[in-house]
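This report describes the fold, the packing and selected backbone features of one protein chain. The sequence and the model are shown first.

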Amino acid sequence: VVVASVASRRAPRRGCSRVAARASSKPSSSIIADDASSSSSSSSATRHHHASRRGVFMAGAGAPLLRLATMTAGTGAASLNLTARAAAASSYGSVEDTTSEIAKVLLDPKYPDVYPFDASMMARYDESKDSAFYSQPRFVQHIDDDAIKALTGFYARTFPASGSDDVALLDVCSSWISHYPKDYAAGRISGLGMNEDELKKNPILSDYVVKDLNDDPKLPYNDNTFDVVTNAVSVDYLTKPLEMMKEVRRVLKPGGTAMMSFSNRCFPTKAVSVWTSTGDLDHIWIVGAYFHYAGGFEGLRAEDISPKPGKTDPMYVVYATKQA
């Protein structure tokens, strides 16, 4: 493994919004070729329209908000109706407009009574063992420097004060870098990830565990252990997100906060179908749903922390607090 210029390197992860994804059949070879390159252009991606889905937006206060439209009759399970908002595909608009729009998605998400994601929506192009996919370390950055700086800044203003021995943090799906503020200190900073070589290189971690959460989503920590749980640019790979979010709630202290951050970049062969077939606003709604159906969270909200909309990688955070 050659590790060179890691501070400026980025993984060749393709733009993830509205990439074609099917649960029952694999995407075209052109998409695989796109994945092999570093191009992030989404204009050439083919969108799959599932027969049971119909894109629905309802206008509200001049801005489109995602809504669940129908239920699958007679199954007892919700049929998710998602669409990418075409107007946002080519332009993020002003920072103010984007921030307002992102926040509005979770102000009144109208989640149905039944968890709306079935197994097909959690399917992936590459269903091989994740332990094999992540067996080789990747000492690269998966988002650009500006997005990293924005995420670090968000952490800096939301984390507990640095230097408190009674504070504990957990970075789920961790790697060689967690994007925490420089010199941030706490009594415990734990990491859980897929590659031991990467976790060993992470200077912020006081301890780590190697585990595949798609194989077993149970977190190997006691109840009420952590003040903060973070997950950066990895929520799109979770095939059992509801189970994992329930575990996040369990290991958080009452009043602790879970923070799920993501961009529009990913390894599309490993991201779940519901993610690759939808856009940024949909992703806010989807991650918010994981919190909602896990239960026991309050203050669910979303922020657009994109540093330079339309010029750099976008960056979003969905977060909530465990009920006391």
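## Helix H9 and its surroundings

Helix H9 is followed by Gly295, a residue with a positive phi near 75°. The structure is a predicted model, and the values reported here are computed from it.

H9 covers residues 280-294 and supplies ten residues to the largest nonpolar core, the largest share of that core. Its 15 residues should span 21 Å at 1.5 Å a residue, and its end C-alpha atoms lie 22 Å apart, in agreement with that expectation. Because 14 of the 15 residues of H9 are buried, the helix is largely enclosed by the rest of the structure. H9 lies across strands E8, E10 and E11, and its direction is at about 15° to that of E11.

## Nonpolar cores

The largest nonpolar core contains 51 residues, and the members touching the most other members are Phe117, Ile284 and Phe291. A second, separate core has 24 residues, among them Ala147, Ile189, Leu199 and Ile204.

When residues up to four places away in sequence are not counted, Phe291 touches Met245, Ala258, Met260, Phe297, Leu300, Val318, Tyr319 and Ala320.

## The seven-stranded sheet

Seven strands form an open sheet with mixed pairing, in the order E6-E5-E4-E7-E8-E11-E10. Its edge strands are E6 and E10 (297-304), each of which pairs on one side only. Neighbouring strands are turned by 15° against each other on average, direction ignored. Helix H5, residues 145-158, packs on this sheet and touches E7, E8 (252-262), E10 and E11 (316-322). The direction of H5 makes about 165° with that of E8.

At one edge of the sheet, E5 and E6 pair in the parallel sense over four bridges. Val210 in E6 is the bridge partner of Gly193, and Tyr208, also in E6, stands opposite Gly191. Between E5 and E6 the chain passes through helix H6 (residues 196-201), forming a right-handed β-α-β crossover.

## Positive phi outside glycine

Two residues that are not glycines also have positive phi values: about 65° for His179 and about 55° for Asn224. His179 is found in the loop between E4 (164-174) and E5 (186-193), whereas Asn224 lies in the loop between E6 (207-210) and E7 (226-232).

Their accessibility falls into separate classes. His179 has a relative accessibility of 9%, which is under the 20% limit, so the residue counts as buried. Asn224 has a relative accessible area of 41%; this value lies between 20% and 50%, and the residue is therefore partly exposed.

## The chain as a whole

The chain contains nine helices and eleven strands. Of its 324 residues, 53% count as buried. Among contacts between residues at least 6 apart in sequence, 74% join residues at least 24 apart.

In summary, H9 is largely enclosed, with 14 of its 15 residues buried, and this helix provides ten residues of the largest nonpolar core. The sheet beside it is open and mixed, with H9 lying across E8, E10 and E11 and H5 touching E7, E8, E10 and E11.

Conventions: Residues numbered from 1 in each chain as written. Predicted model: local features only at pLDDT ≥ 70, side-chain atom pairs only at ≥ 80, totals over all residues. Heavy atoms only, no water. Core = buried A, V, L, I, M, F, W, Y, C linked by side-chain atoms within 4.5 Å. Buried < 20%, exposed > 50% of the residue type's maximum accessible area, 1.4 Å probe, protein only. Helix = DSSP H or I, 4+ residues; strand = E, 2+ residues; numbered from the N terminus. Contact = heavy atoms within 4.5 Å. Expected span 1.5 Å × (residues − 1). Pairing = 2+ DSSP bridges. Right-handed = clockwise from strand over helix to strand, strands pointing away. Axes fitted to C-alpha atoms, helices over the stretch in contact; angles between N-to-C directions.
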